[in-house]
Amino acid sequence: MDEGALVPILIPLGFFAMIFGIFYIRNRERMAMIERGMDPRLNLPQPHTNLRWGLLLIGCGLGLLLAYITDVTLMHREGEDNPAIYFSLIAIFGGLGLFISYWVDMKYLEKKK
């Protein structure tokens with residue numbers, strides 16, 4: 001049997017299993033909290049989680065863009081790739097995004113107090 005024929009079958013099955021598993025585990029966790037007398041609504045995500053993810057993805061995108069521009073203009077050699085610059089700049093700018101998120105959270109908490 002051709003391995004290429006299994007891909008259209010296995011990818012949707014894997015995707016469905018992943019989504020089912022996420023919801024199943026979340027439901028089990030909430031049921032366990034109810035059994036212990038805890039309120040599952042108190043376990044909601046923090047309000048700045050979206051900010052953190054947004055800044056992380058913006059930082060990674062900026063790192064990838066800067067790595068591409070640097071690779072094409074400064075370090076370009078025919079037939080040679082520079083994957084290290086991509087990984088390093090994504091990590092640097094992703095970390096910078098997380099640092100900015102932390103800084104914004106601290107400013108917000110200081111203002112709230």
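1. Let's start inside helix α1: F20 and Y24 lie four residues apart there, so about one helical turn separates them. This is a predicted model, so please read every value below as computed from that prediction. It helps to recall that an α-helix has 3.6 residues a turn, so residues three or four places apart point the same way. F16 and F20 are likewise four residues apart in α1, which means that about one helical turn lies between them as well.

2. Now look at the rings themselves. How many aromatic pairs does a search of the whole structure find? The search gives two. In one of them, F16 and F20 have ring centres 6.3 Å apart and planes at 20°; the pair counts as stacked because that angle is under 30 degrees. For F20 and Y24, the centres are 6.0 Å apart and the planes meet at 15°, so this pair is stacked too. F16, F20 and Y24 together make one aromatic cluster.

3. Are the members of this cluster, F16 and Y24, buried or exposed? F16 has a relative accessible area of 56%, and because that is over 50%, F16 is exposed. Y24 comes out at 46%, so Y24 is partly exposed.

4. The helix that carries these rings deserves a look of its own. Helix α1 covers residues 7–35, which is 29 residues. From its first C-alpha to its last, α1 reaches 41 Å, close to the 42 Å expected at 1.5 Å a residue. After α1 comes G37, a residue with a positive phi, near 85°.

5. Next, please follow the chain to helix α2, residues 49–73. How do its expected and actual spans compare? With 25 residues at 1.5 Å a residue, α2 should span 36 Å, and its end C-alpha atoms are 36 Å apart, so the two agree.

6. Which residues of α2 are buried? They are L55, L56, G59, G63, A67, T70 and D71. The buried residues of α2 pack against α3, which covers 83–112.

7. T70 is a good residue to study closely. Its relative accessibility is 16%, and T70 counts as buried because this is under 20%. The side chain of T70 reaches the backbone oxygen of L66 at 2.7 Å. Leaving aside residues up to four places away in sequence, T70 touches M75 and I85.

8. Finally, step back to the whole protein. It has three helices and zero strands, and reading along the sequence gives the pattern α-α-α. Its C-alpha atoms fill a box of roughly 65 × 60 × 15 Å along the principal axes. The radius of gyration is 22 Å, whereas a compact globule of 113 residues would have one near 13 Å.

9. A few totals round off the picture. Buried residues make up 13% of the 113 residues. Among contacts with a separation of 6 or more, 59% join residues 24 or more positions apart. The accessible surface comes to about 9,700 Å², and 69% of that belongs to carbon and sulfur atoms.

Note on methods
Residues are numbered from 1 along each chain as its sequence is written. This is a predicted model: local features need pLDDT of at least 70, side-chain atom pairs count only at pLDDT 80 or more; totals for chains, interfaces and linings use all residues. Side-chain values use heavy atoms; hydrogens and water are left out. Helices (H or I, at least four residues) and strands (E, at least two) are DSSP runs, numbered from the N terminus. Buried means under 20% relative accessible area, exposed over 50%, partly exposed in between (1.4 Å probe, protein chains only). A polar contact is a pair of N or O atoms within 3.5 Å; within protein, one must be able to donate a hydrogen and the other to accept it, and residues adjacent in sequence count only if both atoms are side-chain atoms. Contact means heavy atoms within 4.5 Å. The expected span of a helix is 1.5 Å times one less than its number of residues. Rings of Phe, Tyr and Trp (its six-membered ring) pair if their centres lie within 6.5 Å; planes under 30 degrees apart count as stacked, over 60 as edge-to-face and the rest as tilted. The radius of gyration is taken over C-alpha atoms; the globule rule is 2.2 Å times the number of residues to the power 0.38. Accessible areas come from the Shrake-Rupley method with a 1.4 Å probe; for residues, only the protein chains shown count as cover.
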